[in-house]
Amino acid sequence: MGRKDETGSAQAIIIMGVSGSGKSTLASLLGQQLGHPFFEGDSFHSEANVAKMRGGVPLTDADRWPWLDTLGAAIGEAARREGIAVAACSALKRSYRDRLRAAIAVPASFVLLEVGREELIRRLHDRPGHYMPASLIDSQLAILESPGADERAITIDSTVPPELEADRVLQWLATKGIGAKRPAQAG
């Protein structure tokens, strides 16, 4: 039987936002603090998707569907096995979040990281070797749809240190009954 959080059911926590918003940093930190698996959404992109983005070409919805399905299946499997799984994924549109939720097949909470355009561009210029060019920020900002009131989601300021972001997210998750560390294994 898989390990579950205190609510007794599997949960997924998705840190979302445009490139450079700090998704990976926060999701990795939350995974460590919660003691549960972390998934980097970027590592699930196909080579063709990476080549398009590296070339400055925005992805289409058709490019994203297989990526979201594969990532969501991995998150869902880990969440059912471990109780909680944390992931970094842009999830910019409601339809992308809906697709992820369907593939994850366990309750999912979303954390939208907000940061201004100029700061995003600065951050992307400080990430040498990453395939996402700053030239795609405007296309991402143009399609970003903030989570609706009917989605289990919170929006937080991503200009504060990641530890403060994590504290805010953990407090919010606690109000939802999510966030227990997985039990220590007997050894």
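Select Leu71 to begin: at 0% relative accessibility, Leu71 counts as buried, where buried means under 20% relative accessible area, exposed means over 50%, and partly exposed lies in between, with a 1.4 Å probe and protein chains only. This is a predicted model, in which local features need pLDDT of at least 70 and side-chain atom pairs count only at pLDDT 80 or more, while totals for chains, interfaces and linings use all residues. Residues are numbered from 1 along each chain as its sequence is written, and side-chain values use heavy atoms, with hydrogens and water left out.

Leu71 lies in helix H3; helices (H or I, at least four residues) and strands (E, at least two) are DSSP runs, numbered from the N terminus. Now show what surrounds Leu71: leaving aside neighbours within four places in sequence, Leu71 is in contact, meaning heavy atoms within 4.5 Å, with Phe39, Gly41, Phe44, Cys89 and Leu100. Add Ile104 to the selection, which is 33 residues from Leu71 in sequence and 8.2 Å away in space, C-alpha to C-alpha.

**The whole chain**

Zoom out to the cartoon, where the protein chain comes to seven helices and five strands, running from the N terminus in the order β-α-β-α-α-β-α-β-α-α-β-α. Of the 187 residues of the protein chain, 45% count as buried, and among contacts between residues at least 6 apart in sequence, 80% join residues at least 24 apart.

**The cores**

In soluble globular proteins, nonpolar side chains tend to be buried together. A nonpolar core is here a set of buried Ala, Val, Leu, Ile, Met, Phe, Trp, Tyr and Cys residues joined through side-chain atoms within 4.5 Å. The largest one has 29 residues, and to find those with the most contacts inside it, select Ile14, Phe39, Ile75, Cys89, Leu100 and Ile104. Two or more residues each are given to this core by strand E1 (11-16), helix H3 (61-82), strand E3 (84-88), helix H4 (94-104), strand E4 and helix H5 (117-125), and H3 provides the largest share, seven residues.

Which residues does Ile14 touch, if those up to four places away in sequence are not counted? Around Ile14 the viewer will show Ile75, Ala87, Cys89, Leu100, Ile104, Ser109, Phe110 and Val111. Apart from this core lies another, of 19 residues, among them Ile13, Ile15, Trp172 and Ile178.

Move next to Ser109, which lies in strand E4 (residues 108-114) and, at 0% relative accessibility, counts as buried. Beyond its neighbours within four places in sequence, Ser109 is in contact with Ala12, Ile13, Ile14, Arg152, Trp172, Leu173 and Ile178.

**Two aromatic pairs**

The structure holds two aromatic pairs, the rings of Phe, Tyr and Trp (its six-membered ring) being paired if their centres lie within 6.5 Å, with planes under 30 degrees apart counted as stacked, over 60 as edge-to-face and the rest as tilted. Select Phe39 and Phe44 for the tilted pair, 6.2 Å centre to centre with 55° between the planes; Phe39 is buried, with a relative accessible area of 16%, whereas Phe44, at 24%, counts as partly exposed.

Then select Trp65 and Tyr96, whose ring centres are 5.7 Å apart and whose planes stand at 80°, so the pair is edge-to-face. Because Trp65 lies in helix H3 and Tyr96 in helix H4, the pair ties together parts that are 31 residues apart in sequence. Trp65 counts as partly exposed at 23% relative accessibility, while Tyr96 counts as buried at 1%.

**Two alanines with positive phi**

Most residues other than glycine have a negative phi, and most peptide bonds are trans. Ala91, in the loop between E3 and H4, has a positive phi of about 45° although it is not a glycine. Ala105, in the loop between H4 and E4, likewise has a positive phi, of about 60°. Is each of these alanines buried or exposed? Ala91 is buried, with a relative accessible area of 1%, whereas Ala105, at 54%, counts as exposed.

**A helix pair to finish**

Finally, select helix H1 (residues 23-34) and helix H7 (residues 162-175), whose axes come within 10 Å and cross at roughly 60°; axes are lines fitted to C-alpha atoms, for helices over the stretch in contact, and angles run from 0 to 180 degrees between N-to-C directions. H1 and H7 are therefore oblique to each other, given that angles under 35 degrees count as roughly parallel, over 145 as roughly antiparallel, 65 to 115 as roughly perpendicular and the rest as oblique. To display the contact, choose Thr25, Leu26, Leu29, Leu30, Gln33 and Leu34 of H1 together with Pro162, Glu163, Glu165, Ala166, Val169 and Leu170 of H7.
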